[in-house]
Amino acid sequence: MKLGAQVVIQVYPDKEAMSRAAAELFVEQAGQALRLRGRFCVALSGGNTPRRMYELLAQPPCRDRVAWAQVQVFWGDERCVPADDPRSNARLARQVWLDQVPIPPQQIHPVSGNLPPEAAARAYEALLKSFFAGQPPSFDLIFLGLGEDGHTASLFPDHEVLNEQVRWAAEVYLAETDLPRVTLTVSLINQAAVVALLVTGAAKARVLKEVLQGPREPRRLPAQLVHPQSGALFWLVDQEAASQLQKNPDIKFISDDA
Ligand code: 6PG
């Protein structure tokens with residue numbers, strides 16, 4: 001996988017250890033961003049993998065190590081459903097984490113679930129343009145997941161959204177489901193200072209092997225498109241997901257007591 005970024009692949013014994021590492025990455029990146037820029041701008045993924053990380057960030061010690069008043073939360077993608085819909089990515093993060101820490105409500109920026117998909121995408125892009133106010137739209141940290149089909153965020157295989165070079169957010173309709181989505185585009189994701197993909201479970205072993213150690217086929221494996229232009233790319237995975245990876249010096253195995 002050819003990348004322009006520093007790539008860190010870390011394998012943890014299990015999901016709990018990976019989640020602790022991901023929460024620690026959040027805390028560390030937040031501290032660094034606040035020191036450098038006085039704010040920390042993070043985009044969250046959807047799916048279930050980040051749930052345990054969210055729970056850890058909602059409780060001591062992580063909770064007490066973040067200056068929540070300077071944290072700005074966005075999403076890397078969202079399903080076009082009402083905020084209280086069980087399929088909403090923002091609903092999960094709010095329930096298990098954001099509602100339990102003192103982030104000013106106006107600093108939590110969900111994708112609108114009440115607008116048609118294209119309007120929601122246009123509104124989210126307008127929000128981002130207003131937030132970054134003419135500066136490069138560089139998130140301090142973006143969390144992403146990996147689908148078994150190689151998608152990340154809502155960047156799905158062979159979808160036209162993979163070609164989007166101008167827009168920062170776009171609507172995504174999928175033939176196989178009637179659940180439209182809004183996603184940050186590849187070009188926006190790759191302007192981040194740090195991108196961290198969280199991958200766990202044996203079901204992801206094949207696709208993780210293909211993405212990290214297989215031929216470069218980004219239309220079939222959109223996660224291969226993720227490489228921050230000048231930032232760092234972290235793959236935080238558990239041993240089950242890493243079980244098909246060929247061991248090499250690029251892959252660091254973290255023991256339990258690390
Ligand atoms: C979504 C996500 C999606 C997710 C992957 C992994 O809205 O579905 O953003 O990209 O991160 O599908 O999902 P799991 O963590 O549930 O395996």
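This text walks through a predicted model, starting at its sheet and moving outward to its charged and aromatic side chains.

Let us begin with the sheet. Seven strands make up an open sheet, and their pairing is parallel. If you read across the sheet, the order is β3-β2-β5-β8-β9-β1-β10. Strands of a sheet pair through backbone hydrogen bonds, either parallel or antiparallel. Which strands stand at the edges here? They are β3 and β10, the latter covering residues 251-253. Each of these two has a single partner strand, so one side of each is left without a neighbour in the sheet. Neighbouring strands of the sheet are also turned against each other, by 20 degrees on average with direction ignored.

Now take a look at one edge strand, β3, which spans residues 71-75. Is β3 mostly covered or mostly open? It is mostly covered, as five of its five residues are buried. Val71, Val73 and Trp75 are buried on one side of the strand, and Gln72 and Phe74 are buried on the other, so that both faces of β3 are covered.

The partner of β3 is β2, residues 40-44, and the two run parallel and are joined over five bridges. To find this pairing on your screen, look for valine 42, which stands opposite valine 73 of β3. Between the two strands, the chain passes through helix α2, residues 51-57, and this β-α-β crossover is right-handed.

Further along in the sheet you meet another parallel pair. Strand β5 (residues 141-144) is joined to strand β8 (residues 194-199) by three bridges. Here phenylalanine 143 has alanine 196 in β8 as its bridge partner.

Next comes helix α1, which covers residues 15-37. This helix lies across β1 (6-12), β2, β3, β5, β8 and β9 (232-238). Compared with β9, helix α1 runs at about 155 degrees.

Helix α1 also brings us to the charged side chains. How many salt bridges does the structure hold? There are 14. One of them joins glutamate 16 to arginine 20, with the closest N and O atoms 2.9 Å apart. Both residues belong to helix α1 and sit four residues apart, about one turn of the helix. Glutamate 16 has a relative accessibility of 29% and counts as partly exposed. Arginine 20 is partly exposed too, at 47%.

A second salt bridge reaches out of the helix. Arginine 65 and glutamate 24 have their closest N and O atoms 2.8 Å apart. Arginine 65 lies in the loop between α2 and β3, while glutamate 24 lies in helix α1, so this pair ties together parts that are 41 residues apart in sequence. Arginine 65, at 43% relative accessibility, is partly exposed, and so is glutamate 24, at 26%.

Helix α2 has a salt bridge of its own. Glutamate 55 pairs with arginine 52, with 3.2 Å between the closest N and O atoms. These two residues are three apart in helix α2, about one turn of the helix. Glutamate 55 has 25% relative accessibility and counts as partly exposed, and arginine 52 is partly exposed with 22%. Through shared partners, salt bridges join Glu16, Arg20, Arg51, Arg52 and Glu55 into one network.

Finally, let us turn to the aromatic rings. A pair of aromatic rings is described by the distance of the centres and the angle of the planes. A search of the whole structure finds 10 aromatic pairs. In one of them, the rings of phenylalanine 26 and phenylalanine 40 have centres 5.0 Å apart and planes at 90 degrees, so the pair is edge-to-face. Phenylalanine 26 is in helix α1 and phenylalanine 40 is in strand β2, so the pair ties together parts 14 residues apart in sequence. Both of these residues are buried.

Another edge-to-face pair is formed by phenylalanine 74 and phenylalanine 139, at 5.5 Å centre to centre and 80 degrees between the planes. This pair links distant parts of the chain, 65 residues apart: phenylalanine 74 is in strand β3, and phenylalanine 139 is in the loop between α4 (117-132) and β5. Phenylalanine 74 and phenylalanine 139 are both buried. Ring pairs also link Phe26, Phe40, Tyr54, Trp68 and Trp97 into a cluster.

How values were computed:
Residues numbered from 1 in each chain as written. Predicted model: local features only at pLDDT ≥ 70, side-chain atom pairs only at ≥ 80, totals over all residues. Heavy atoms only, no water. Buried < 20%, exposed > 50% of the residue type's maximum accessible area, 1.4 Å probe, protein only. Pairing = 2+ DSSP bridges. Right-handed = clockwise from strand over helix to strand, strands pointing away. Axes fitted to C-alpha atoms, helices over the stretch in contact; angles between N-to-C directions. Contact = heavy atoms within 4.5 Å. Salt bridge = Lys/Arg side-chain N within 4 Å of Asp/Glu carboxyl O. Phe/Tyr/Trp six-rings, centres within 6.5 Å; stacked < 30°, edge-to-face > 60°.
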